[in-house]
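Here's a protein to get to know from scratch. Let's go through it by asking how each label is earned.

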Amino acid sequence: MDYRNKHILAPMVRVGTLPLRLLAAEYGADITYGEEIIDHKMIKCERRANETLGSVDFVERGTGSVVFRTCDEEKDRVVFQMGTSDAVRALAAAQLVCKDVAAIDINMGCPRAFSLSGGMGAALLSKPELIHDILTTLKRNLNTPVTCKIRLLKSSRDTVELAQQIERTGVSALAVHGRTILNSSSETSATSVMVARGALWNASIFCAKGKSSWSDVKREYLRKSILWDNDVKSTKHTLKEMIMHYSSLELAEGKAVIKSETDMDLAKLYGEEEYYHLVNINRP
Ligand SMILES: Cc1cc2nc3c(=O)[nH]c(=O)nc-3n(C[C@H](O)[C@H](O)[C@H](O)COP(=O)(O)O)c2cc1C
């Protein structure tokens, strides 16, 4: 995969599921990251071809919950992002999914307590040997491109040093959660840009002709969520983030989204019942 001159949808927990990835791609995103999935969870999954939806699902044994859903249409641009603190486990998880995605990425930037206490995310930034171990293990054993995403360290010298260590492992790309886009462009000669919140609020940010109205984008997002039977918790979370940005959860729309329990409730709220029925009637 070529990472130069690309517009990239950043990884976002609960948000970066199949509907938002496909929507961002329709608007022009070249590469779309999935939400971070923890290696422990992934290795409990089995791969299933979902013939009803035409998707490939990674389903947790025992609970039956869909941990990662993808489809052929995004195979050449979707990046599977993983949280890990162990090279062997990371490899086992990556091997399950690597033939269905364009690249495997390791999250080395997440500052949440859950990640840090498990030695994952930003906890890796202070362990360059472990970083080396994880990335070289994946590189040696996979034919799929391997990348990682870091945060800035305390000084730019430390950040550059770490970036160079990572570069020597042979990764295909390194994403840096920098302070500003300007910063990363002028100081690192970056040619590609990754967008998180801007795309969450309005995925048409990737459109070369300019943004569409957020209400149109929201409707398209909901339709894709219905079409791909997205986890309703993820759909609600994403809609709530959009509403919080452009309006308020205190108003009628926000309250109704919070109260919704199913895709059908959301379809009714946005006047998409007909679409909901059409999709469901036509399912085998
Ligand atoms: C809702 C949300 C979820 C995120 N989840 C992840 C994640 O799963 N993995 C990751 O590496 N970064 C995650 N991030 C960080 C973003 O990928 C990105 O680095 C950060 O938001 C800065 O980009 P922005 O200024 O375009 O929002 C998340 C950010 C947001 C807003």
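Q: How many residues of domain 1 are in contact with domain 2, and what makes two residues count as in contact?
A: 17 residues of domain 1 are in contact with 17 residues of domain 2. Contact means that the C-beta atoms, placed from the backbone, lie within 7 Å. This is a predicted model, where local features need pLDDT of at least 70, side-chain atom pairs count only at pLDDT 80 or more, and totals for chains, interfaces and linings use all residues. Residues are numbered from 1 along each chain as its sequence is written.

Q: What makes domain 1 and domain 2 separate entries?
A: The domain assignment gives domain 1 as 7-206 and domain 2 as 214-281; such bounds come from an automatic or database assignment. Their C-alpha centres lie 26 Å apart.

Q: Why is Cys110 called buried?
A: A residue is buried if 20 or more other C-beta atoms lie within 10 Å of its own, exposed if 12 or fewer, and partly exposed in between. Cys110 has 22 C-beta neighbours inside 10 Å, so it counts as buried. Leaving aside neighbours within four places in sequence, Cys110 is in contact with Glu36, Gly83, Ser115, Met120, Gly121 and Ala122.

Q: How do you know that the largest nonpolar core lies between the domains?
A: A nonpolar core is a set of buried Ala, Val, Leu, Ile, Met, Phe, Trp, Tyr and Cys residues joined through C-beta atoms within 7 Å. This one has 65 residues, and Ala24, Met82, Ala94, Ile104 and Ala203 touch the most other members. Domain 1 and domain 2 both give residues to this core, so it lies between them.
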